[in-house]
Number of protein chains: 6
Amino acid sequence: MPYTRLMFVNGKFCKNPKLVTPEDFFSSGFNIPGNTNNQLGFSANVLNVDRIPGLNTQGLSVIRLDFAPFGQVPPHTHPRASEIIVVDQGTLYIGFVTSDEDGNRLFAKILRPGDVYVFPFGLIHFQFNPNPTPAVAFTALSSQYGGFITIADALFGSNPAINPVVLAKAFQLDTKTVKQLQQKFA
Amino acid sequence: MPYTRLMFVNGKFCKNPKLVTPEDFFSSGFNIPGNTNNQLGFSANVLNVDRIPGLNTQGLSVIRLDFAPFGQVPPHTHPRASEIIVVDQGTLYIGFVTSDEDGNRLFAKILRPGDVYVFPFGLIHFQFNPNPTPAVAFTALSSQYGGFITIADALFGSNPAINPVVLAKAFQLDTKTVKQLQQKFA
Amino acid sequence: MPYTRLMFVNGKFCKNPKLVTPEDFFSSGFNIPGNTNNQLGFSANVLNVDRIPGLNTQGLSVIRLDFAPFGQVPPHTHPRASEIIVVDQGTLYIGFVTSDEDGNRLFAKILRPGDVYVFPFGLIHFQFNPNPTPAVAFTALSSQYGGFITIADALFGSNPAINPVVLAKAFQLDTKTVKQLQQKFA
Amino acid sequence: MPYTRLMFVNGKFCKNPKLVTPEDFFSSGFNIPGNTNNQLGFSANVLNVDRIPGLNTQGLSVIRLDFAPFGQVPPHTHPRASEIIVVDQGTLYIGFVTSDEDGNRLFAKILRPGDVYVFPFGLIHFQFNPNPTPAVAFTALSSQYGGFITIADALFGSNPAINPVVLAKAFQLDTKTVKQLQQKFA
Amino acid sequence: MPYTRLMFVNGKFCKNPKLVTPEDFFSSGFNIPGNTNNQLGFSANVLNVDRIPGLNTQGLSVIRLDFAPFGQVPPHTHPRASEIIVVDQGTLYIGFVTSDEDGNRLFAKILRPGDVYVFPFGLIHFQFNPNPTPAVAFTALSSQYGGFITIADALFGSNPAINPVVLAKAFQLDTKTVKQLQQKFA
Amino acid sequence: MPYTRLMFVNGKFCKNPKLVTPEDFFSSGFNIPGNTNNQLGFSANVLNVDRIPGLNTQGLSVIRLDFAPFGQVPPHTHPRASEIIVVDQGTLYIGFVTSDEDGNRLFAKILRPGDVYVFPFGLIHFQFNPNPTPAVAFTALSSQYGGFITIADALFGSNPAINPVVLAKAFQLDTKTVKQLQQKFA
């Protein structure tokens with residue numbers, strides 16, 4: 001396709017309909033555990049429109065989440081999507097927080113295999129594995145590219161860094177601690 | 001809530017925000033095999049907004065599909081949703097058909113555990129278990145209430161019945177065969 | 001326009017606003033009867049965005065339907081549109097079927113000139129001329145490109161064919177009958 | 001339905017699905033000429049959601065327009081819809097005007113039976129019968145309730161009246177002429 | 001970007017995400033009074049997606065309006081947007097008119113600094129400075145490119161001109177007056 | 001209106017159109033400085049649909065932000081809106097952070113009176129007054145009720161509290177520090 005790697009639109013350019021194949025709607029490997037050997041102890045296999053071209057205009061993505069013992073997907077948002085999670089193995093402590101107008105209420109629950117939970121559009125949520133055994137979950141997002149904002153990384157690990165004075169005041173930390181955090185998340 | 005069982009809106013009335021609990025976003029039992037002991041050999045556990053109130057306005061549903069040996073979800077559409085499927089166990093022969101403008105092309109594939117496939121918005125699709133062992137899949141829909149239209153039932157089992165002359169001509173069957181089918185699907 | 005015949009987007013590329021003319025919003029011939037001399041006995045003159053460029057982004061199409069005596073538009077869906085029909089000449093037996101959740105109810109009526117009917121978004125519907133005289137209707141769709149899926153063709157005439165076992169089980173036909181149908185619709 | 005005549009939502013409340021009948025999607029009389037014996041020489045039979053309950057959520061309306069000799073639908077907009085028109089009888093001089101950014105270009109054409117034209121979303125347009133014989137057209141709008149704003153009435157016949165100084169300056173008329181117009185349109 | 005000046009899409013092409021800078025979301029000069037030395041006595045500094053590329057897909061624009069003594073933004077619509085206005089300095093007489101179905105009601109008010117008013121989507125509205133001192137207001141539109149249709153210009157100053165007979169009948173003016181107006185607005 | 005204080009819908013119930021007055025689209029006091037004598041040193045006067053009923057369905061809100069010397073609106077998101085800000089007085093250091101896929105890039109700038117900036121839909125952003133003099137800004141949101149999530153409050157001040165282990169791991173703080181923060185934000 002001419003220039004489609006040099007040009008950009010909201011979403012994606014489409015493939016020539018005459019050239020579309022069944023493979024464009026397909027992906028595999030969703031049953032393969034991800035590598036959770038990292039600081040947070042989780043991995044995410046994100047099947048969005050970047051991975052499955054046929055998701056273009058379809059308003060969906062799916063993600064496989066693997067959790068090491070005590071691993072977590074830290075507090076995060078999807079700026080452009082709702083989410084629904086299904087626990088496949090193990091146990092997860094999950095929750096979301098409502099907005100300021102609604103009192104920053106925490107809706108949390110312990111989920112076991114077969115449990116399903118909804119994270120409303122754009123709200124902060126997290127998933128934590130409280131057990132010494134792995135956990136696995138599948139989630140769907142209501143967007144082909146809903147986005148992933150890890151709060152701690154976005155705030156303390158932005159590129160370039162946010163002025164530490166702002167973060168210190170916001171989190172009621174001293175500036176020294178903020179700078180240390182920014183070093184860790186750099 | 002006064003009258004909300006007697007009044008109807010597009011979607012659902014909301015619960016009083018002050019009375020919402022974590023349970024409103026929760027469901028369980030998604031790991032429990034459904035009963036596939038029926039003519040088609042499948043069962044669907046549909047978690048949409050009727051089952052999880054917290055899905056209201058969130059644009060998502062999830063479904064667990066169980067397949068008996070040689071069972072199938074027969075050709076059907078979701079009039080108001082796209083779908084993405086993940087095979088969890090067993091094997092499925094799946095496919096969707098494009099519209100007339102695109103030549104009624106069949107995009108089909110054999111899926112194995114961990115395989116993922118997209119069924120575009122509103123198109124006819126099916127899932128068939130070609131093996132003598134059960135199969136299980138999870139799907140997500142891009143709507144809180146995307147709808148389910150089983151083609152054969154809608155056409156031959158409508159209530160009341162469609163004039164058999166219409167169906168005979170449409171399917172190039174004789175009227176007698178059509179009436180027999182209508183008896184079966186009544 | 002450079003490359004717009006080689007590149008594709010959801011919808012259409014726009015013409016240079018400076019080069020747009022009144023003709024881009026115009027079509028003619030909607031009063032000319034179509035040729036209904038075919039197996040189903042109908043013809044459709046579909047004015048969508050492929051025919052009228054000015055329909056791009058406008059969410060509308062119109063269609064002229066001509067029916068031979070006893071002709072029909074067989075059961076079909078528009079995957080991405082609602083429809084409203086106005087009978088201009090003759091008589092039509094029309095109907096739509098609701099989804100499984102709503103019991104596959106048939107809403108049908110005999111329409112005469114000046115009668116108007118709504119086919120809700122994405123539901124299966126049909127129009128049949130029960131008289132030995134022609135009929136004519138105009139319809140509008142709520143999309144610039146709502147799509148047309150003729151059920152019988154999509155199922156029994158897909159390219160390539162759907163595995164006959166699937167269709168046999170779905171329609172409670174024997175495989176031999178299915179294969180015969182697939183020959184007819186090939 | 002309790003209180004639905006005393007309560008209002010964006011759109012309409014829905015009927016109880018169990019009580020819906022085929023009549024809810026039906027209207028008639030679209031073939032009956034309207035009475036054009038009025039100052040402007042036109043009549044509009046507007047089938048929107050107020051007339052056909054089944055249009056709720058369906059994004060469509062249809063209108064039958066009758067024109068007396070030299071009658072017109074004066075310049076107007078549909079604030080929430082696009083429109084497509086089909087001429088059934090007679091001749092119409094129609095046009096729409098683009099916005100200021102696009103130079104207030106007039107796209108106009110003489111339409112004859114079978115001609116079709118698009119009026120883009122929210123733009124000012126008009127239809128005028130230049131002949132001494134009646135004309136008839138059908139139009140579809142891309143909304144269940146797209147609205148109708150007759151420019152002259154809205155500006156010179158508002159209730160209460162707009163300060164004449166504003167209109168005088170806007171239209172480069174003297175205040176006396178404006179007040180006379182306001183008397184005519186009162 | 002190749003060809004993006006020669007090709008057009010609904011909205012805008014996107015910049016390569018890797019090349020986006022903070023300047024793409026920035027504009028300045030919103031505090032600088034505009035030049036109101038013109039016939040209508042107002043100026044509009046419109047910050048829409050043409051001015052701030054980062055507004056692409058964001059559904060917002062802002063406008064600074066300056067009014068000379070007795071100046072006005074004449075009756076106009078935004079075909080694709082709602083508007084909210086904040087008065088910063090001076091006094092404004094503002095109003096909008098509802099559609100024909102709602103009786104062409106005028107909702108008007110005198111606004112002073114700090115007052116805020118809403119102009120609903122697509123309705124005709126105006127702003128007039130009744131005082132011998134300047135006025136300033138800021139408005140936001142619910143679209144990156146909501147459009148601006150000055151009614152008098154669109155009707156009497158279109159290019160080419162609308163047939164004067166149409167306007168004469170619509171506004172109950174004699175054709176001679178209409179032609180004079182068309183000369184003024186040419 | 002019967003029961004509208006006891007019933008809830010997505011958005012708001014509408015007022016009876018016959019009872020709507022110009023006041024329903026009006027608010028005042030947007031020129032009055034807010035009280036910034038609080039820990040963060042800012043105040044927000046939020047004119048959304050809760051304050052102006054006429055904003056229902058209109059997709060807009062406006063907010064007046066007052067900043068004390070060195071005050072800030074701490075990092076926050078609007079889960080359902082984009083934002084555009086106009087600086088009226090003083091100086092602001094503002095910025096937003098992109099999502100993880102885009103590298104958590106910080107787009108920041110010093111803004112002076114008349115400067116305008118866009119905060120894309122759902123992304124984390126902040127505004128900080130780096131000067132010993134007050135600052136004032138106006139912002140518009142692309143929603144009648146876009147929501148406000150103050151990150152620090154949502155995470156460390158949720159009700160009930162999030163398990164400190166989760167936050168400690170997420171922010172790479174020790175649990176003791178986390179608990180102290182939770183005490184501060186309780």
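**Buried rings and a buried strand**

Hi everyone, let's start with one ring: Phe25(C) has a relative accessibility of 9%, so this residue counts as buried, the cut-off being under 20%. Please keep in mind that we are looking at a predicted model.

Which residue does Phe25(C) pair with? Over all chains, the count is 87 aromatic pairs. In one of them, Phe25(C) meets Tyr117(D), with 6.3 Å centre to centre and 40° between the planes, which makes the pair tilted. This pair crosses between chains: Phe25(C) lies in the segment before β1 of chain C, while Tyr117(D) belongs to strand β8 of chain D. Tyr117(D) is buried too, because its relative accessibility is 0%.

Now a pair within one chain. The ring centres of Tyr93(F) and Phe126(F) are 5.3 Å apart with planes at 50°, so this is another tilted pair. Tyr93(F) sits in strand β6 and Phe126(F) in strand β9, 33 residues apart, so to speak linking distant parts of the chain. Both residues are buried.

Rings also meet charges here. The charged end of Lys109(B) sits over the ring of Phe26(A), 4.3 Å from its centre. Phe26(A) is also part of an aromatic cluster that includes Phe25(A) and Tyr117(B).

Finally, let's visit strand β10 of chain E. Seven of its seven residues are buried, so the strand is largely enclosed by the rest of the structure. Ala135(E), Ala137(E), Thr139(E) and Leu141(E) point one way, and Val136(E), Phe138(E) and Ala140(E) the other. Seven bridges join β10(E) to β3 of chain E, running antiparallel, and six join β10(E) to β5 of chain E, also antiparallel. Thanks for listening!

Note on methods
Residues numbered from 1 in each chain as written. Chains lettered and ligands numbered in written order. Predicted model: local features only at pLDDT ≥ 70, side-chain atom pairs only at ≥ 80, totals over all residues. Heavy atoms only, no water. Buried < 20%, exposed > 50% of the residue type's maximum accessible area, 1.4 Å probe, protein only. Helix = DSSP H or I, 4+ residues; strand = E, 2+ residues; numbered from the N terminus. Pairing = 2+ DSSP bridges. Phe/Tyr/Trp six-rings, centres within 6.5 Å; stacked < 30°, edge-to-face > 60°. Lys NZ or Arg CZ within 6 Å of the ring centre and 35° of its normal.
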